[in-house]
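User: I'm new to this one and would like a close look at a single part: the open sheet. Could you walk me through how its strands are put together, and then show me what sits around it?

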Amino acid sequence: MADHGVVLVLNAGSSSLKFCVYRCVDRGAWQPDVRGQIEGIGTSPRFSAKDEGGEKVDDRQLDVAVRDGPSALEALANWLRGRFEGARVLGVGHRVVHGGARYAAPAVVTPTVMEELRQLVPLAPLHQPHNLAAIEAVSHRLPGVPQVACFDTSFHRGHHAVADVIPLPADIRNTGVQRYGFHGLSYEYVASVLPQVAPEIARGRVIVAHLGSGASLCALNDGASIDSSFGFTALDGLCMGTRPGAVDPGVILYLFQNLGLSATDVETVLYKKSGLLGISGISNDMRVLLASSEPQARLAVDYFVYRAAKEIGALASTLHGIDGLVFTAGIGENSADIRARICNASAWLGIELDHEANQRQGPRISTRASRVSAWVVQTNEELMIARHTGSLLGLTAGDGVAAMT
Ligand code: ADP
């Protein structure tokens with residue numbers, strides 16, 4: 001291990017720090033070595049890690065002193081030092097939720113970049129501060145190691161103005177109120193593998209459905225994003241685990257004016273209490289809802305499917321018809337049931353499901369006769385970040401920037 005350079009990929013949230021270590025085996029080729037997370041930061045921190053074969057390599061409770069981003073990073077760095085003793089950290093790639101209107105591509109972190117990213121905190125107050133804190137913690141812990149910020153918004157920056165405008169007065173729009181789109185690293189990865197996995201649609205009109213605890217759609221034309229179901233924030237569009245997706249803005253006014261909720265209450269309702277959890281009152285986990293016979297669990301699943309199919313119809317119109325539909329992320333990759341229901345609700349577009357292939361999880365899940373093909377593709381946002389980090393830093397296996405000490 002000591003002979004290899006490694007790239008560390010970090011995804012820092014409010015209470016978790018997810019990581020993935022990639023070995024640079026050849027120019028541009030990245031081999032995952034270990035992935036894991038520290039969860040429960042600030043409450044009951046727990047470290048877990050798996051190797052590339054999915055075997056558990058560690059799983060233990062951490063000291064409660066791991067109570068914030070920097071202490072979590074410190075704990076991770078200590079663990080990595082034990083596993084990768086002497087290995088060279090060639091670079092650190094971060095998932096950063098917001099790159100604003102400006103960052104249409106990942107960026108090497110500099111003080112100027114950090115200043116610009118800090119200005120975007122009001123656009124993503126729940127996520128951006130944690131992403132930036134992780135960058136700062138790494139610069140203290142591994143000074144001199146170059147870092148790359150990879151944005152969830154960048155992939156959507158080629159949209160026509162009409163797709164991104166929010167029809168409010170100019171003085172409001174000028175503060176940054178526009179549609180940005182998210183899940184961009186996932187869509188970029190899926191678009192990058194379509195030529196191998198689904199060559200017949202890779203250059204065509206494709207809707208990708210990223211259905212995880214967050215859920216959205218992306219309309220791809222020749223591998224480029226032309227629209228997304230996410231808008232100004234990651235609250236828009238599809239029904240999600242705890243977020244509602246599109247709601248009439250009049251409802252939000254009603255919450256303030258008639259129910260007397262504070263801004264913090266409304267934020268909690270919209271980010272943590274709605275969607276599948278809000279409708280069912282049982283769970284935000286699709287597996288639990290599918291296994292339940294409670295009428296409210298059924299309604300939640302029905303709405304999830306209904307909304308997804310409705311938004312697929314909307315993006316199909318944006319694309320003037322589609323050639324393919326691709327499912328990805330936790331629900332999209334694992335639930336044959338939800339895929340079947342969404343495909344059946346979208347049969348009018350020309351999708352004919354191959355039920356056996358759907359049970360096998362694809363990759364192709366439509367019949368040969370289907371006018372529009374349907375697919376399952378595993379997303380890999382961490383690998384996308386490692387690739388960006390490697391290419392932006394011009395890394396090769398022979399480089400050495402800093403020892404893991
Ligand atoms: P995140 O957005 O947190 O990365 P994932 O993409 O990992 O989320 O998706 C997590 C969600 O996927 C879970 O909340 C669960 O609802 C759903 N999921 C995972 N496996 C299955 C399955 N076999 N059937 C239905 N839903 C599943």
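Analyst: Here is a walk through the sheet, strand by strand, followed by a shorter look at the rest.

Keep in mind that this is a predicted model. Overall, the protein has 16 helices and 13 strands. Eight of the strands form an open sheet, and the order across it is E5-E4-E3-E2-E1-E6-E8-E7, with mixed pairing. Which strands stand at the edges of the sheet? They are E5 (56–61) and E7 (107–108); each has a single partner strand, so one side of each is left without a neighbour in the sheet. As a bit of background, strands of a sheet pair through backbone hydrogen bonds, and the pairing can be parallel or antiparallel.

Let's start at the E5 end. E5 pairs with E4 in the antiparallel sense, over five bridges. Those two strands make a hairpin with four residues between them, and Gly-54 in the turn has a positive phi of about 90°. Moving inward, E4 (residues 46–51) also runs antiparallel to E3 (residues 29–39), and six bridges join that pair. E3 and E4 form a hairpin too, with six residues between them; in its turn, Gly-40 has a positive phi of about 70°.

Ala-49 is a handy residue to click on here. Ala-49, in E4, is the bridge partner of Gly-36, and Ala-49 also stands opposite Asp-58 in E5. Following these partners takes you across this end of the sheet.

Now jump to the other part of the order. E1 (residues 5–12) and E6 (residues 88–96) run parallel, joined by six bridges. Leu-10 stands opposite His-94 in E6, and His-94 in turn stands opposite Ala-149 in E8. E6 and E8 are another parallel pair, this one with five bridges. At the E7 edge the sense is antiparallel: E7 and E8 pair over two bridges, and Ala-107 stands opposite Ala-149 in E8. So if you trace Leu-10 to His-94, His-94 to Ala-149 and Ala-149 to Ala-107, you have a path out to this edge.

E8 deserves a pause. How many of the five residues of E8 are buried? Five of the five, so this strand (residues 147–151) is largely enclosed by the rest of the structure. In a regular strand the side chains alternate between the two faces of the sheet. In E8, Gln-147, Ala-149 and Phe-151 point one way, while Val-148 and Cys-150 point the other way, and all are buried. For the protein as a whole, buried residues make up 53% of the 405 residues.

What about the overall form? The C-alpha trace spans about 60 × 55 × 45 Å along its principal axes. A compact globule with 405 residues would have a radius of gyration near 22 Å, and the protein has 21 Å, which agrees.

Next, the ligand. The residues surrounding the ligand include Gly-212, Ser-213, Gly-214, Asp-285, Met-286 and Ile-331. Helix H11 (286–291) and helix H13 (329–334) each supply at least two residues of this shell, and H13 gives the most, with four. By type, the shell divides into three nonpolar, six polar and two charged residues.

Some polar atoms of the protein can be paired with oxygen atoms of the ligand. A polar backbone atom of Met-286 is 2.8 Å from a ligand oxygen. For Asp-285, a polar side-chain atom lies 3.1 Å from an oxygen atom of the ligand, and for Ile-331 a polar backbone atom is 3.4 Å from one. The ligand on its own has 570 Å² of accessible area, and the protein covers 67% of that.

Finally, a few backbone spots in the loops. Asp-222, in the loop between E10 (215–221) and E11 (224–228), has a phi near 55°, a positive value in a residue other than glycine. Asp-222 counts as partly exposed, at 40% relative accessibility. Gln-361, in the loop between H15 and E13, also has a positive phi, near 70°, and at 30% relative accessibility Gln-361 counts as partly exposed. The loop between H15 (355–359) and E13 (373–376) is also the place of Pro-363, and the peptide bond from Gly-362 to Pro-363 is cis, with omega near 10°.

Notes
Residues are numbered from 1 along each chain as its sequence is written. This is a predicted model: local features need pLDDT of at least 70, side-chain atom pairs count only at pLDDT 80 or more; totals for chains, interfaces and linings use all residues. Side-chain values use heavy atoms; hydrogens and water are left out. A residue is near a molecule or strand if one of its heavy atoms lies within 4 Å of it. A polar contact is a pair of N or O atoms within 3.5 Å; within protein, one must be able to donate a hydrogen and the other to accept it, and residues adjacent in sequence count only if both atoms are side-chain atoms. Accessible areas come from the Shrake-Rupley method with a 1.4 Å probe; for residues, only the protein chains shown count as cover. Ala, Val, Leu, Ile, Met, Phe, Trp, Tyr, Cys and Pro count as nonpolar, Asp, Glu, Lys and Arg as charged, and the others, Gly among them, as polar. Two strands pair if DSSP finds at least two bridges between them. Buried means under 20% relative accessible area, exposed over 50%, partly exposed in between (1.4 Å probe, protein chains only). The radius of gyration is taken over C-alpha atoms; the globule rule is 2.2 Å times the number of residues to the power 0.38.
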